[in-house]
Amino acid sequence: MSDEVTVPITSDEDLVPARAQARALAVQLGFSRTDATLIATAVSEVARNIVVHVGRGELQIKPVLNEDRYGLVVIAKDDGPGIPDIQTALERGWASRGGLGLGLPGARRLMDEFEIASESGKGTTVTMIKWRLRDELERLREKRRGSPA
Amino acid sequence: MSSTAARAFGRAYATAFSAYLAEPDETALRTAYELGREALRKELSLLDLSTAHHEALLAETRHAADHEDAEHMTRLAADFLAESLSAYEMARRGFEEVADAAADERRRAALVRSLSSLLTDASLALHGQESLEEMVRLVAEQACELSAAASCLVTTHALAGRRAISVAVHAGEEDRNAAPDARALSRTHPLIRAASGLARLTAEEVRTDPALGALRSPDRPPGGWLGVRLTALDGSELGFLQLLAEPGANFTELDAALVVQLAQMTSAALERATHYVR
């Protein structure tokens, strides 16, 4: 299985490799096609956020393999001005008439865990995780094979 | 979106879909996602988007080499459609969040309205210490209900010849066992006074501030804390209302606003009750 992958984000075009890496790992981890699509969409939104608001950053995409569940972790980092009001940033999209609930709030809704760490002048790190539960049958099969898929 | 715009969208969708069938890669899927995002922004109906997809698929399968080719196109089409709909999925989940929040606000507003009329009636019918304590207990219960708190403590000073009151209400047995007693919580009164009547701390602040030992339990992690002063119209202090959140949880701005409103109603009721006694 793929280890951590880092995708630099410097322009709109970098959304494609970011999505591709996330989707490929999602497939390896056994996520459904629907969940793989949602993960790719969430990656698009956080990467777009970097492009639009900061100009450059990077995405780290990596698996988490637990006994009872597999996770896909995306860490989006930038060295921009930071988000002064995280709460408002996560609610933006619904606060005004023109909001659609996309961007960071949209990405948050598609993932299972979502955290933002941001300090004024020191950049922003968005960490989001999507989990897939592993049922007993899958775990037993894995034991018989002797290693994770 | 106008029918002209919907038709233009249909053409763009068909072009992108055709390109995807020729080269089913992430670039083409990203295009689908952007089309859906743009459609949402331009307020295209989901029905129009699904029609655009259906028309595009139909147009392509008409030129399929054979049955297998048509089936292959149809299978690929599912991923393209999913991408184009993903923006709508984000919006749908956002709508659910807003609807849940609105329902919660309506519920709380109904609770506050009901409590307001109850307190108004109760404060005029209080006949003694016991009924005053009952009213204070009702306030503590409603404060817990409104803010989903683990515990609520309401304390009043000795008013108009009546004894001071201290009533604690807890959401569950664990909350009761973990909650600090009234004496410990009285050490937070200077904090509340210094904060002009409303003080709010996060779970992290309660956990790490050495001065807030009174709010911590040795048995479980702390939650957030809210403290409000009860005051008469002339500004004199009548008592305090304090809330403790579940472990790790914090009180929101909305919680604080509702509790302030509750405190104001309680203060008015207490003042009416004591004025009536006089």
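The following legends describe close-up views of a predicted model.

**View 1. Surroundings of Ser44(A) in helix H2 of chain A.** Ser44(A) belongs to helix H2, which covers residues 33–53 of chain A. The relative accessibility of Ser44(A) is 0%, and the residue therefore counts as buried. Leaving aside residues up to four places away in sequence, Ser44(A) is in contact with Leu15(A) and Arg19(A), as well as with Tyr33(B).

**View 2. Ring pair of Tyr13(B) and Phe80(B).** Over all chains, the count of aromatic pairs comes to four. In the pair of Tyr13(B) and Phe80(B), the ring centres are 5.2 Å apart and the planes stand at 85°, so the arrangement is edge-to-face. This pair links distant parts of the chain, with Tyr13(B) in helix H1 (residues 3–22) of chain B and Phe80(B) in helix H4 (residues 67–124) of chain B, 67 residues apart. Tyr13(B) has a relative accessibility of 0% and counts as buried. Phe80(B) is buried, its relative accessible area being 0%.

**View 3. Ring pair of Phe17(B) and Phe80(B), and the aromatic cluster.** The ring centres of Phe17(B) and Phe80(B) lie 5.3 Å apart, and their planes meet at 65°; the pair is therefore edge-to-face. Because Phe17(B) lies in helix H1 of chain B and Phe80(B) in helix H4 of chain B, the pair ties together parts that are 63 residues apart in sequence. Phe17(B) counts as buried, at 0% relative accessibility. Ring pairs join Phe9(B), Tyr13(B), Phe17(B), Tyr20(B) and Phe80(B) into a cluster.

**View 4. Arg69(A) over the ring of Trp131(A).** Arg69(A) lies over the face of Trp131(A), at 3.6 Å from the ring centre.

**View 5. The largest nonpolar core and the contacts of Met128(A).** In soluble globular proteins, nonpolar side chains tend to be buried together. The largest nonpolar core holds 63 residues, of which Leu59(A), Leu72(A) and Met128(A) touch the most other members. H4(B) supplies the largest share of this core, nine residues. With residues up to four places away in sequence not counted, Met128(A) touches Ala42(A), Val43(A), Val46(A), Leu72(A), Val73(A), Val74(A), Ala107(A), Met111(A), Glu113(A) and Phe114(A).

**View 6. A second nonpolar core.** Separate from the core in the preceding view, a second core comprises 37 residues. Its members include Leu146(B), Leu226(B), Leu241(B) and Ala269(B).

Methods:
Residues are numbered from 1 along each chain as its sequence is written. Chains are lettered from A and ligands numbered from 1 in the order in which they are written. This is a predicted model: local features need pLDDT of at least 70, side-chain atom pairs count only at pLDDT 80 or more; totals for chains, interfaces and linings use all residues. Side-chain values use heavy atoms; hydrogens and water are left out. Helices (H or I, at least four residues) and strands (E, at least two) are DSSP runs, numbered from the N terminus. Buried means under 20% relative accessible area, exposed over 50%, partly exposed in between (1.4 Å probe, protein chains only). Contact means heavy atoms within 4.5 Å. Rings of Phe, Tyr and Trp (its six-membered ring) pair if their centres lie within 6.5 Å; planes under 30 degrees apart count as stacked, over 60 as edge-to-face and the rest as tilted. A charge sits over a ring if NZ of Lys or CZ of Arg is within 6 Å of the ring centre and within 35 degrees of the ring normal. A nonpolar core is a set of buried Ala, Val, Leu, Ile, Met, Phe, Trp, Tyr and Cys residues joined through side-chain atoms within 4.5 Å.
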